[in-house]
Amino acid sequence: MSFARRLHELRIANRLSLQDVADQVGISKAHVWNLEKGLSENPSMEVVLKLAEIFRVRVADLVGENPDASDEDPAMVAMFRDLKKLDERDRETIAALMEQMKRRRDKGTN
């Protein structure tokens, strides 16, 4: 689940308005709206930490980096676990491949 969607769901589940969250974090209501819509993709670590504190969740859960989350694809979780078993050199190779694939995706040349 994306950060934007998770943030929106947590805000609604906690019955908070955009302004409530903005006031508690110390950012503008528009910034919270942009975060929920995925229009502001890289919130500062300070903002992420405050959001995690407000919603009483782990940062990993908020940003969708928790491989043990119930909504994660089991195949992705298995790949993550396999990755942890590889030696450092193999992980570096995979990281380089992923960077190359992300650059290709960003250029729209899949």
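## Quick tour of an all-helix chain

Let's start at one residue: leaving aside residues up to four places away in sequence, Ser40 touches His31, Asn34 and Leu35. Ser40 sits in the loop between α3 and α4, and it counts as buried because its relative accessibility is 18%, which is under the 20% cut-off. Keep in mind that this is a predicted model. The protein chain in it has seven helices and zero strands.

**The chain as a whole**

- Follow the sequence from start to end and the pattern reads α-α-α-α-α-α-α.
- The protein chain has 110 residues, and 24% of them count as buried.
- Take the contacts between residues at least 6 apart in sequence: 46% of these join residues at least 24 apart.
- The chain's accessible surface is about 8000 Å², and carbon and sulfur atoms account for 51% of that.

**Helix α1 and its buried side**

- Helix α1 covers residues 3-13, and its buried residues are Phe3, Ala4, Leu7, Leu10 and Arg11.
- Those buried residues lie on the same side of α1, because the arc they cover around the axis is only 135 degrees.
- Turn to the face of α1 that points away from this buried side, and you find the exposed residues Arg5 and Ala13.
- What do the buried residues of α1 pack against? Their partners are α2 (18-25), α3 (29-37), α4 (45-55) and α5 (59-62).

**Leu10, a closer look at α1**

- Leu10 belongs to helix α1, and with a relative accessible area of 8% it is buried.
- Not counting residues up to four places away in sequence, Leu10 touches Phe55, Val57 and Leu62.
- How many residues separate Leu10 and Phe55 in sequence? They are 45 residues apart there, while in space their C-alpha atoms are 6.7 Å apart.

**Helix α3 and Glu36**

- The buried residues in α3 are Val32, Leu35 and Glu36.
- These three cover an arc of only 95 degrees around the axis, so they are on the same side of α3.
- The cover over the buried residues of α3 includes α1, α2 and α4.
- Glu36, placed in helix α3, is buried at a relative accessible area of 9%.
- With residues up to four places away in sequence left out, Glu36 touches Ala4, Leu7, His8, Arg11 and Leu18. Ala4, Leu7 and Arg11 are also among the buried residues of α1.
- Right after α3 comes Gly38, with a positive phi of about 75 degrees.

**The second largest pocket**

- The second largest pocket holds about 160 Å³ of space.
- Its lining is made up of Ser2, Phe3, Ala4, Leu35, Gly38, Ser40, Glu41, Pro43, Met45, Val48 and Val63.
- Which helices each supply at least two residues of that lining? They are α1 and α4.
- By type, the lining residues come to seven nonpolar, three polar and one charged.
- Several residues already met turn up here again: Phe3, Ala4, Leu35, Gly38 and Ser40 are among the lining residues. Of these, Phe3 and Ala4 are buried residues of α1, and Leu35 is a buried residue of α3.

**Two positive phi values outside glycine**

- As background, most residues other than glycine have a negative phi.
- Arg15 is not a glycine, yet its phi is positive, at about 55 degrees.
- Arg15 follows α1 and has its place in the loop between α1 and α2.
- Is Arg15 buried or exposed? It is exposed, with a relative accessible area of 77%.
- Arg56 also is a residue other than glycine with a positive phi, here near 55 degrees.
- You'll find Arg56 in the loop between α4 and α5, where it is exposed at a relative accessible area of 68%.

Technical notes. Residues numbered from 1 in each chain as written. Predicted model: local features only at pLDDT ≥ 70, side-chain atom pairs only at ≥ 80, totals over all residues. Heavy atoms only, no water. Helix = DSSP H or I, 4+ residues; strand = E, 2+ residues; numbered from the N terminus. Buried < 20%, exposed > 50% of the residue type's maximum accessible area, 1.4 Å probe, protein only. Contact = heavy atoms within 4.5 Å. Areas by Shrake-Rupley, 256 points an atom, 1.4 Å probe, with all protein chains shown as cover. Arc of directions from axis to C-beta. 1 Å grid on protein atoms, 1.4 Å probe; cavity = no way out; pocket = protein on both sides within 12 Å on 5 of 7 lines; lining within 4 Å. Points joined across faces, edges and corners; volume = space filled by probe spheres on them. Nonpolar A, V, L, I, M, F, W, Y, C, P; charged D, E, K, R; others polar.
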